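Good morning, and thank you for making time for this presentation. I would like to take you through one structure, and I ask that you keep the sequence and the model in view as I speak.

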Amino acid sequence: MSDVLEPDLIAVRFLAYTQAGRHEDAVALIRDQIGHHLDDERLWYFLGSGLANTGEVEESEHAVRRALGLVPDLLPGLVLLSRVLVYTKRGDESVAVALQAAAEHPEEPSAHVAVASAHFYRHSSGTDLAIALEAALNAIKLSPEDDEAFALGCRAADLLGRRDQALDLLRTGLAAHPSSAVLLQAAGQVNGGKRVVGDRAPLLSSMLAANPFDSGSAEDLRALALTDLEAAVTSAMERTAAFIREQGKEPYYKTLDALKLRKTPVETEEKI
């Protein structure tokens with residue numbers, strides 16, 4: 001029988017396994033210990049996250065619902081559940097959970113990225129794409145640190161026919177996150193994206209050749225790219241909100257206060 005570990009130590013080991021790509025070991029660790037800590041929402045969330053990483057999405061959903069049963073407004077849990085529901089093609093449920101996350105945590109970029117992702121992958125109409133773009137822009141306005149917000153924003157803008165806006169988001173995102181896998185993938189999916197990556201290649205190569213560990217030049221470029229970003233994003237959000245209203249809908253953030261007042265918790269699991 002394994003020793004009983006304190007939750008904080010379990011968390012440290014789980015994160016170390018995850019960062020090393022040892023997802024099976026991460027899951028095994030939590031499974032071994034969670035019986036001793038059934039009331040710790042972090043461990044249920046970690047189990048859900050680890051199971052998602054190993055592709056066991058049904059089990060992941062059960063685990064994260066256990067976490068939310070303990071703490072209904074747990075932001076990482078709501079975001080993870082929304083993503084799992086996207087993966088299982090339950091778009092309406094994913095959108096509802098993402099909106100709940102944004103209603104509970106309106107200042108957290110990851111909640112708005114979840115809204116963007118849920119609407120983008122549901123993609124039942126042009127309005128979904130417009131809301132995905134709006135939510136991605138809102139996340140970027142709150143903080144430009146999430147590369148997925150730029151990726152979702154540029155892909156949604158591209159599908160809406162806003163090529164210049166898509167390429168601007170891609171260009172700025174890559175300047176802020178030059179090694180981002182999701183942005184490099186997005187560059188291959190949006191019209192003209194490969195040329196944006198091509199423009200960067202000689203500069204990045206020369207910087208790395210001169211000093212692979214030099215982050216100063218990269219930070220200077222990043223700061224330059226993010227200059228006036230807030231004003232540009234605000235303008236883009238206003239245009240996107242106007243488009244949504246033209247479709248007879250309200251911008252998604254208008255629904256958040258009412259959603260929070262309603263306080264409808266996500267369905268939880270009693271056992272796994």
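Let me begin at the end of one helix. His123 comes after helix 7, and its phi is positive, near 45°. In general, residues other than glycine mostly have a negative phi. Please bear in mind throughout that this is a predicted model.

Let us stay with helix 7 itself. It covers residues 109-122, 14 residues in total, and it reaches 20 Å from its first C-alpha to its last, close to the 20 Å expected at 1.5 Å a residue. How many of the 14 residues of helix 7 are buried? The number is eleven, and helix 7 is thus mostly covered. Among them are Pro109, His112, Val115, Ser117, His119 and Phe120.

A second positive phi, near 60°, belongs to Lys89, again a residue other than glycine. Lys89 is located in the loop that joins helix 5 (75-87) to helix 6. Its relative accessibility is 75%, so Lys89 counts as exposed.

Moving on into helix 6, residues 91-104, we come to Ser94. Is Ser94 buried or exposed? With a relative accessibility of 0%, Ser94 counts as buried. Setting aside neighbours within four places in sequence, Ser94 is in contact with Ser82, Leu85, Val86 and Ala118. Of these partners, Ala118 is one of the buried residues of helix 7.

Let me now step back to the whole chain. The protein chain contains 15 helices and zero strands. It has 272 residues, of which 44% count as buried. Among contacts with a separation of 6 or more, 63% are between residues 24 or more positions apart.

The largest nonpolar core has 66 residues. Which of its members touch the most other members? They are Ile30, Leu47, Val115, Cys154, Leu169 and Leu170. The largest share of this core is supplied by helix 8, residues 126-142, with nine residues. Val115, as we have heard, is buried in helix 7.

Ile30 leads us to helix 2, where the buried residues are Ala26, Val27, Leu29, Ile30 and Gln33. Viewed down the axis of helix 2, these buried residues fall within an arc of 155°, so they line one face of the helix. As a general point, an α-helix has 3.6 residues a turn, so residues three or four places apart point the same way. The partners against which the buried residues of helix 2 pack are helix 1 and helix 3.

Between helix 2 (23-33) and helix 3 (41-53) there is a loop, and His37 is found in it. His37 has a relative accessibility of 11%; the cut-off for buried is under 20%, and so His37 counts as buried. A polar atom of the His37 side chain lies 2.8 Å from the backbone oxygen of Leu5. Leaving aside neighbours within four places in sequence, His37 is in contact with Val4, Leu5, Pro7, Ile10 and Leu43.

The start of the chain offers a contrasting case in Asp3, which lies in the segment before helix 1. Asp3 counts as exposed, because its relative accessibility is 62%. Asp3 and Asp32 are 29 residues apart along the chain, and their C-alpha atoms are separated by 9.4 Å.

I turn lastly to the aromatic residues. There are three aromatic pairs in the structure. In the pair of Phe14 and Phe46, the ring centres are 4.6 Å apart and the planes stand at 25°, so this pair is stacked. Phe14 belongs to helix 1 (residues 7-19) and Phe46 to helix 3, so the pair ties together parts that are 32 residues apart in sequence. Both rings belong to buried residues: Phe14 has a relative accessible area of 2%, and Phe46 is at 10% relative accessibility.

The rings of Phe120 and Tyr121 have a different geometry: their centres are 5.1 Å apart and their planes are at 85°, so the pair is edge-to-face. Phe120 counts as buried, at 5% relative accessibility, whereas Tyr121 is partly exposed, with a relative accessible area of 45%. Finally, one aromatic cluster is formed by Phe14, Tyr45 and Phe46.

That concludes the presentation, and I thank you for your attention.

Note on methods
Residues are numbered from 1 along each chain as its sequence is written. This is a predicted model: local features need pLDDT of at least 70, side-chain atom pairs count only at pLDDT 80 or more; totals for chains, interfaces and linings use all residues. Side-chain values use heavy atoms; hydrogens and water are left out. A nonpolar core is a set of buried Ala, Val, Leu, Ile, Met, Phe, Trp, Tyr and Cys residues joined through side-chain atoms within 4.5 Å. Buried means under 20% relative accessible area, exposed over 50%, partly exposed in between (1.4 Å probe, protein chains only). Helices (H or I, at least four residues) and strands (E, at least two) are DSSP runs, numbered from the N terminus. A polar contact is a pair of N or O atoms within 3.5 Å; within protein, one must be able to donate a hydrogen and the other to accept it, and residues adjacent in sequence count only if both atoms are side-chain atoms. Contact means heavy atoms within 4.5 Å. Rings of Phe, Tyr and Trp (its six-membered ring) pair if their centres lie within 6.5 Å; planes under 30 degrees apart count as stacked, over 60 as edge-to-face and the rest as tilted. The arc is that of the directions from the helix axis to the C-beta atoms. The expected span of a helix is 1.5 Å times one less than its number of residues.
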